[in-house]
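Work through the exercises below on empty space in a protein model. Each task is followed by its solution.

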Amino acid sequence: MKAREQKSREIKDKIVNVAGNLFDKQGYQKTTTRQIIEAAGINNSTLYHFFKDKEDIFLSIILDVYTKSIQHINLAVKDDDAVFLYALNRAVELKAVSKYHNVAQTFLDVYSSWRISEKVTKADIERGKKFFQPYTKKFTDEDYYVRNLALRGMRLSFIAECVHKGGDNFEKRWPFLIEKDLQSFNVPKARIQKTIEKVASVLRKKSFIILGIKI
């Protein structure tokens, strides 16, 4: 890598790391672009050379965390059952939201941002095509899209409840949310029930890392 490219990479990484620390400490909404610039020791033009705005930085962080969290969970269980892996990832996400207020707030910011949600939804659609292909052979891209919108709405409601009322209802809610998730992709009822039981067993026995926090 050329020296100039290396320097640009280092500056961009510094912006992301500084912003990530500020988001962790005081939340996305309370963090300003000015604070990121000052903490990174850069000027306005440098930040806007790499990112459009604060939301663009947040998007970069979230997509990276999203990918790494999925990889971590999949490697931790060493299972090739696609339906189970999908359900487990969703359940871990819900558990993290219910357990830690700052995680719930972060997810609320993610789900409330149309720009970020669009990116995550596109990634979810690709996962759905890969994981549920045996049950969704006749699905169009629109079929995947509208289902992901509906499921995102249900998760957003749960996340908002955790932020404003706490996450004491996780044990009661997650099986229903996962059931609706899998039903949307035509997974047979018997398979759904076995998957939920398998996920419940893993949640009792294993811990996972999401957003840098042990769940």
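**Exercise 1.** How much space lies in the largest cavity?

*Solution.* The model is predicted. Start with the count: the structure holds 2 cavities of 30 Å³ or more. The largest cavity contains about 320 Å³ of space. The second largest cavity has a volume of about 40 Å³.

**Exercise 2.** Describe the wall of the largest cavity.

*Solution.* Step one: count the lining, which has 23 residues. Step two: find the centre. Tyr-66, Arg-90, Glu-93, Phe-107 and Val-120 lie nearest to it. Step three: assign elements. H4, helix H5 (82-99), H6, helix H7 (114-131) and helix H8 (141-165) each give two or more residues. H4 gives the most, with 6 residues. Step four: sort by class. The lining has 11 nonpolar, 6 polar and 6 charged residues.

**Exercise 3.** Which residues line the second largest cavity?

*Solution.* List them: Arg-90, Leu-94, Leu-151, Met-154, Arg-155, Leu-177, Ile-178 and Asp-181. Next, the elements: H5, H8 and helix H9 (170-183) each supply two or more of the lining residues. By class, 5 are nonpolar, none polar and 3 charged. Arg-90 also lines the largest cavity.

**Exercise 4.** Characterise the largest pocket.

*Solution.* Volume comes first: about 620 Å³. The lining has 29 residues, and Gly-20, Phe-23, Asp-24, Thr-106 and Leu-211 lie nearest the pocket centre. Helix H1 (3-26), helix H4 (54-77) and helix H6 (101-112) each give two or more residues to this lining. Its classes are 11 nonpolar, 12 polar and 6 charged.

Notes: Residues numbered from 1 in each chain as written. Predicted model: local features only at pLDDT ≥ 70, side-chain atom pairs only at ≥ 80, totals over all residues. Heavy atoms only, no water. 1 Å grid on protein atoms, 1.4 Å probe; cavity = no way out; pocket = protein on both sides within 12 Å on 5 of 7 lines; lining within 4 Å. Points joined across faces, edges and corners; volume = space filled by probe spheres on them. Helix = DSSP H or I, 4+ residues; strand = E, 2+ residues; numbered from the N terminus. Nonpolar A, V, L, I, M, F, W, Y, C, P; charged D, E, K, R; others polar.
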